Amino acid sequence: MMNLIIFGNSHVGAWREAWPTLAPDYPDINVTFFGIPEMIHRRYRIQDTGVFSALKISDDERKRVVDINGFDKVQLKDYDRHLWVGMNWKPESAVMITAFGDPDTINDASTGRPAYSTPFLKAIFELQAANILRDSKVNLDGSIRPDMHPRPIYAEECQSSLHPLYDVWRETADIGSARSAILGCYEEIVVDYFSKHGLKFVLIPKSLSSRSGATKSKYLSVGGGIASLKTPASRGDFSHMNAEYGRVCLKNYLDHYFT
């Protein structure tokens, strides 16, 4: 029996919900889930002892974590494999440059848009990959080197929100092919950068994304989207996905990365 722990922020919820439908197909794998609300998750670290625990946590926060998981910290050394879910990989930083030009693979000169060369994209995306790895707080000298899974790309509906957080998605909505290509390039460079540092960055399955690069609408969790039609400028929730999204991601991981 192989013991896998999937830990991280609230995005773990979709994976946890999906596991019962997949478990019969993987009888030799035992999965434990440990998901924490993001504001608390930011204070969690993998300690030198191998324990994933909070640097600082209030009694109320501890109770909330225990209510979700049954425990408030976990010894990662008790597991054979580790997957950290919900990493903030900042895909908006890649989408942002699409507003001003296309990757040279698009060959869309008819629009008069400039083309970004591959070396240019590689240089700026490697800088961003370094920032992502630094912000992840993974100890590259530690004994625990988890596989890393990024948070979902926002659902397509975010383009209808007037909240500033989604400006870059709304402003690039009509150049979806370039946006998708830029995101693909970004993913490849982040994967390569993490690999050079001994870490596995797990790609989001392509089947979950629309042609524009955003997550397909059908995967948005119940209650997601604009908070209220009366307040189109509210932030809403276009990030949390449903159990089917979690199922596709988990199956992809087990079939292609879990070796």
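Two strands count as paired here if DSSP finds at least two bridges between them, and with that in mind I would like to start at the N-terminal end of this model, which, I should say at once, is a predicted one. Strand 1, residues 2-8, pairs with strand 2, residues 29-35, in the parallel sense, and 7 bridges join the two. One of the places where you can see this pairing is Ile-6, which stands opposite Phe-33 in strand 2. Between these two strands the chain passes through helix 1, residues 12-22, and strand 1, helix 1 and strand 2 together make a right-handed β-α-β unit.

Strand 1 has another partner as well, namely strand 6, residues 81-87, which runs parallel to strand 1 and is joined to it by 5 bridges. Here, if you follow Leu-4 across, its bridge partner in strand 6 is Arg-81. As for how covered strand 1 is, 5 of its 7 residues are buried.

Let me stay with Ile-6 for a moment, and ask which residues it touches, not counting residues up to four places away in sequence. The list takes in Val-12 and Trp-15, then Val-31, Thr-32, Phe-33 and Phe-34, then Leu-83 and Val-85, and finally Leu-250. The largest nonpolar core holds 74 residues, and within it Ile-6, Phe-52 and Phe-194 touch the most other members. Helix 7 gives the most to this core, contributing 8 residues.

Just beyond strand 1 comes Asn-9, in the loop between strand 1 and helix 1. Is Asn-9 buried or exposed? Its relative accessible area is 4%, and since buried means under 20%, Asn-9 counts as buried. Apart from its neighbours within four places in sequence, Asn-9 is in contact with Gly-35, Ile-36, Glu-38 and His-41, and also with Val-85 and Gly-86.

There is also an open sheet of 3 strands, in the order 3-4-5, with antiparallel pairing. Strand 3, at 44-46, and strand 5, at 74-75, stand at the edges with a single partner strand each, so that one side of each is left without a neighbour in the sheet. Strand 3 pairs with strand 4, residues 51-54, over 3 bridges in the antiparallel sense, and Arg-45 has Ser-53 in strand 4 as its bridge partner.

Turning to the aromatic residues, the count comes to 19 aromatic pairs. Tyr-116 and Phe-120 form a stacked pair, with 5.3 Å centre to centre and 20 degrees between the planes. In that pair Tyr-116 is buried, at 14% relative accessibility, whereas Phe-120 is partly exposed, at 37%. Phe-125 and Tyr-186, on the other hand, have their ring centres 5.0 Å apart and their planes at 70 degrees, so this pair is edge-to-face. That pair links distant parts of the chain, because Phe-125 belongs to helix 5, residues 118-136, and Tyr-186 to helix 7, residues 176-196, with the two positions 61 residues apart in sequence. Both Phe-125 and Tyr-186 are buried. Elsewhere, ring pairs link Phe-7, Phe-34, Tyr-44, Phe-52, Phe-71 and Trp-84 into a cluster, and Arg-151 lies over the face of Tyr-154, at 4.8 Å from the ring centre.

Now to helix 4, residues 91-98, where 6 of the 8 residues are buried, so the helix is largely enclosed by the rest of the structure. The buried ones are Pro-91, Glu-92, Ala-94, Val-95, Ile-97 and Thr-98. What do these buried residues pack against? They pack against strand 8, at 115-116, and against helix 5, helix 6, at 167-171, and helix 7.

Ahead of helix 4, in the loop that follows strand 6, sits Lys-90, which has a positive phi of about 55 degrees although it is not a glycine. Lys-90 is partly exposed, with a relative accessible area of 23%. Lys-137 likewise has a positive phi, of about 70 degrees, and is not a glycine; its place is in the loop between helix 5 and strand 9, at 147-150, and at 43% relative accessibility Lys-137 counts as partly exposed.

I will finish with Ser-209, in the loop between helix 7 and helix 8, the latter at 243-256. Leaving aside neighbours within four places in sequence, Ser-209 is in contact with Ala-214, Thr-215 and Lys-216. From Ser-209 to Glu-157 there are 52 residues in sequence and 13 Å in space, C-alpha to C-alpha.

Methods:
Residues numbered from 1 in each chain as written. Predicted model: local features only at pLDDT ≥ 70, side-chain atom pairs only at ≥ 80, totals over all residues. Heavy atoms only, no water. Phe/Tyr/Trp six-rings, centres within 6.5 Å; stacked < 30°, edge-to-face > 60°. Buried < 20%, exposed > 50% of the residue type's maximum accessible area, 1.4 Å probe, protein only. Helix = DSSP H or I, 4+ residues; strand = E, 2+ residues; numbered from the N terminus. Lys NZ or Arg CZ within 6 Å of the ring centre and 35° of its normal. Right-handed = clockwise from strand over helix to strand, strands pointing away. Core = buried A, V, L, I, M, F, W, Y, C linked by side-chain atoms within 4.5 Å. Contact = heavy atoms within 4.5 Å.
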